[in-house]
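Me: I am new to this one and would like to know the reasons behind the labels. Could you go through them with me?

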Amino acid sequence: MISPNDNGFSDADIKGLKLAFSQHCSTANEATSSELGTALPPANYRTGLHFNKGVIIHEQRITSGGIWMESPIDVKGKGIARSLDWHLATMASNDREREEITYKLLECLPRSVLASLQRRMTPLLQFDVVGALPTELSLFIFTYLPAASLLACSLVSKRWHTLATDQVLWRRLCYSHGWEWRMDVAAPTPWDGLGDADPADAVIREERDEDEGMGDEEEDEDEGSGEGAGDVIDFIGDDSVDWTSMPMNIDDIEAQGLSHLLIPITSAALSSSSTSAITPISRITSQHGVLPRSAHLAPDYKLLHQTHVLLHNRFCQGAYRRRILPGADAGGHSAAVYCLWLWTYPAGLDGRSAPLQVLFTGSKDRTVREWDLRTDRVRRVVGELHDSSVLSLCVSSDFAKSGDGEEALASEPSSAGFLVSGGSDRRIVVWDLGKDRLVKVLQDHLDSVLCVRVDSGRLVTCSKDRTVRTYGFPSLKPQFVFRAHRAAVNAVSVVGDVIVSGSGDRSIRVWNANTGALISTFEEHHARGIASIEFKPPYLLSGSSDMHLRMFDIASSQGWSTNPEVNTIPSSTVPTLTSSTSHVQDNIAMIPGQGMAPFFLHSSLTRSMPDTPRPDANTVVCHACGSHGLAARREQERHTHLVRSVALGEEFAVSGSYDLTIKVWDRKTGALVADLNGGHTGRIFCVGFDCTKIVSCGEDQRICIWDFSHGIDTSFIKL
């Protein structure tokens, strides 16, 4: 064996190595001399080159056979590697021999040299397969990755960073969630001034039976003074939390690259009543509000996705800034507020270059008010149209075309939309928002109109008179009257050609809007009367005076409920498929085309709920792995009074109750996400929400905005 030491190889070692190489290469050269020809001296072989303390290597000669004949007896240690590299490159006849020669040579080297060689060779062993592909193929591979993986890939190399941040990938992710970039972005008007905190005066209400109808509360409720209404601000969340390190569902914020979107919140900021106490990030906001953006800002879908993820996280953390719209002394309502509706005017209306989001509210004071959410001030008051309380309202620009069975109107409807309101005076009022004029007043119901909804060119109303009526929209031509319910119909929801109604008789019924046929009946859907519903195919969310919510997939009979007894419902009370000559098949198409995926009512709807595999309502679902634990749902998670209003989104369900609280639920599992309280001192009548906020109103005359987007630029989000 060759014995290496700190001073290099001994003369005997070098002679032995030279002899071994000569003998090995001699045999190889005889077999390949005709192919190799005369070997040339190595390019790095020179005379007069100094090694190891001044020892000189004299010029060496290569014979015609290619064998190095002179012994390097004057070369000590590592210098032999520089002389033998020529033989390693030319004397071996194949890769296998070169491998063996190289390995023998590496055995002769000290470990420090081997470590250095390993570091130098590592890049030679790495090959970027994805990066070496054409850009189109690389992007196609990346389309299979979720957002967290794309962000991790962007840290690998410059090439991967370019691929992982490509707008095509992030636009696809945004569109899969229904998130759109708002074009023609304009700078919001600064919000100036915060008011004083509101008093926390609890209002205790007696127990009553609300099975018959939801309009009875106006008969015995307190008018309320409206004190405390105004620019009231509360910030909810741990003031010691560094928002840049808040955990995310898919990863933490820093890994998501979201820290640049945040304004740090400190105790100093919370102690001040002015927004100037918040230190903004210059990229997002200025001291006077959100910085103006270009009217034609190029979409940044990665930013859009990250902002939505951050807003989702704030919903999960219950991190909001609450404010209350002005009361009667500043132009607000003077009595209980029963209903609300968020609406966004399109760009270009009234000379505006950007869309404008507003809030409509209806009250016991017989008026409908429109609020500008940029300034929190009243824009318009629609009054003197109802003789009593406004119980429900909605806004829509989804008009049916005259060729779809609709009569041609004398003039084209305004693109601003129509406001529809229903009241306890039995009236349904339709108001043109663009032209600011009355369109028509309908008075076909025999009792209070409890709910009005518009979709796909159809107006649907329900009443305390136990009926549901449909009209063409905006022609308002009567179509059908549904009379199957046995008690007041408290809520309706319409999507496409499907109408869903919920009643005080504890049943939910599904109707075909085109034919008027009753498709399906869900008897005893709750233990008491149903107060509110929202339908987004195929999911149906309902709230009841039994104090519970129930989410139900009418296509698969699966869902969740806050009621632990929902799994013990007798088989005689489960949903039944209504027999009809026009609906005898097991599968009944519910939503025909129009860009929406059709779904079906299956014969499984006639099965008993205990026979349907579903998670136990008392189990807690792990968000990480999806497994079901055995821990019981905490009692305090449920509402303790009638659930008057529900709203359903892509990820969350929101409920408002007479127990003065608003709860946010995970839409898929039913797990409680956030519990919002302290905003109202009276019963909550209506809730609504979008990706940035929750709005609520109640008998205390307050209209609360629970803002989850504080300190974040959301001007580019299409609401």
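Me: Why is D675 called partly exposed?
Reply: This is a predicted model, and the values are computed from it. D675 has a relative accessible area of 32%. Buried means under 20%, and exposed means over 50%. The value 32% falls in between, so D675 is partly exposed.

Me: What makes D675 and K663 a salt bridge?
Reply: Their closest N and O atoms are 2.7 Å apart. The cut-off is 4 Å. The pair is within it, so the name salt bridge applies. D675 lies in strand 33 (residues 672-676) and K663 in strand 32 (residues 662-666), so the bridge ties together parts 12 residues apart in sequence.

Me: Is K663 buried or exposed?
Reply: K663 has a relative accessible area of 2%. Under 20% means buried, so K663 is buried.

Me: How many salt bridges are there in the whole structure?
Reply: The search finds 18. Side chains of opposite charge can pair when their charged atoms come close.

Me: How do you know that R380 and D436 form a salt bridge?
Reply: Their side chains meet at 3.1 Å, N to O. That is within 4 Å, so the pair counts. R380 lies in strand 10 (residues 377-382), while D436 is in the loop between strand 13 (428-432) and strand 14 (437-442), so the pair ties together parts that are 56 residues apart in sequence.

Me: Why is R380 called buried?
Reply: R380 has a relative accessible area of 16%. Buried means under 20%, so R380 is buried. Its partner D436 has 43%. That lies between 20% and 50%, so D436 is partly exposed.

Me: Which residues are linked with R380 and D436 in a network of salt bridges?
Reply: E370 and R379 are linked with them in that network.

Me: What makes R458 and D497 a salt bridge?
Reply: The closest N and O atoms are 4.0 Å apart. The salt bridge rule asks for within 4 Å, and this pair is listed as a salt bridge. R458 is in strand 16 (residues 458-463), and D497 is in the loop between strand 19 (489-495) and strand 20 (498-503). The two are 39 residues apart, and the pair links distant parts of the chain. Both R458 and D497 are buried.

Me: Which residues have the most contacts inside the largest nonpolar core?
Reply: They are F142, L150, W170, Y301, L304 and F716. The core has 24 residues. Helix 6 (135-142), helix 7 (147-153), helix 8 (158-164), helix 9 (167-177) and helix 12 (301-317) each supply at least two of them. Helix 12 gives the most, with 5 residues.

Me: What does F142 touch?
Reply: F142 touches V130, L150, C153, W160, L163, A164 and L169, leaving out residues up to four places away in sequence. Another core, of 18 residues, lies apart from the largest one; among its residues are C339, V382, L419 and L433.

Me: Why is Y144 called exposed?
Reply: Y144 has a relative accessible area of 63%. Exposed means over 50%, so Y144 is exposed. Y144 is in the loop between helix 6 and helix 7. Together with F140 and I141, Y144 makes a nonpolar surface patch of about 350 Å².

Me: How many aromatic pairs does the count come to?
Reply: The count comes to 15.

Me: Why is the pair of F482 and W511 called stacked?
Reply: Their ring centres are 4.3 Å apart, with 5° between the planes. Rings pair within 6.5 Å, and planes under 30 degrees apart count as stacked, so this pair is stacked. F482 lies in strand 18 (residues 478-482) and W511 in strand 21 (residues 508-512), 29 residues apart. F482 has 3% relative accessibility, and W511 has 4%. Both values are under 20%, so both residues count as buried.

Me: What makes the pair of Y658 and F685 edge-to-face?
Reply: The ring centres are 6.0 Å apart and the planes are at 75°. Planes over 60 degrees apart count as edge-to-face, so the name fits. Both Y658 and F685 are buried.

Conventions
Residues numbered from 1 in each chain as written. Predicted model: local features only at pLDDT ≥ 70, side-chain atom pairs only at ≥ 80, totals over all residues. Heavy atoms only, no water. Core = buried A, V, L, I, M, F, W, Y, C linked by side-chain atoms within 4.5 Å. Buried < 20%, exposed > 50% of the residue type's maximum accessible area, 1.4 Å probe, protein only. Helix = DSSP H or I, 4+ residues; strand = E, 2+ residues; numbered from the N terminus. Contact = heavy atoms within 4.5 Å. Patch = residues over 30% accessible without salt bridge, like charges linked within 9 Å, V, L, I, M, F, W, Y side chains within 5 Å. Areas by Shrake-Rupley, 256 points an atom, 1.4 Å probe, with all protein chains shown as cover.
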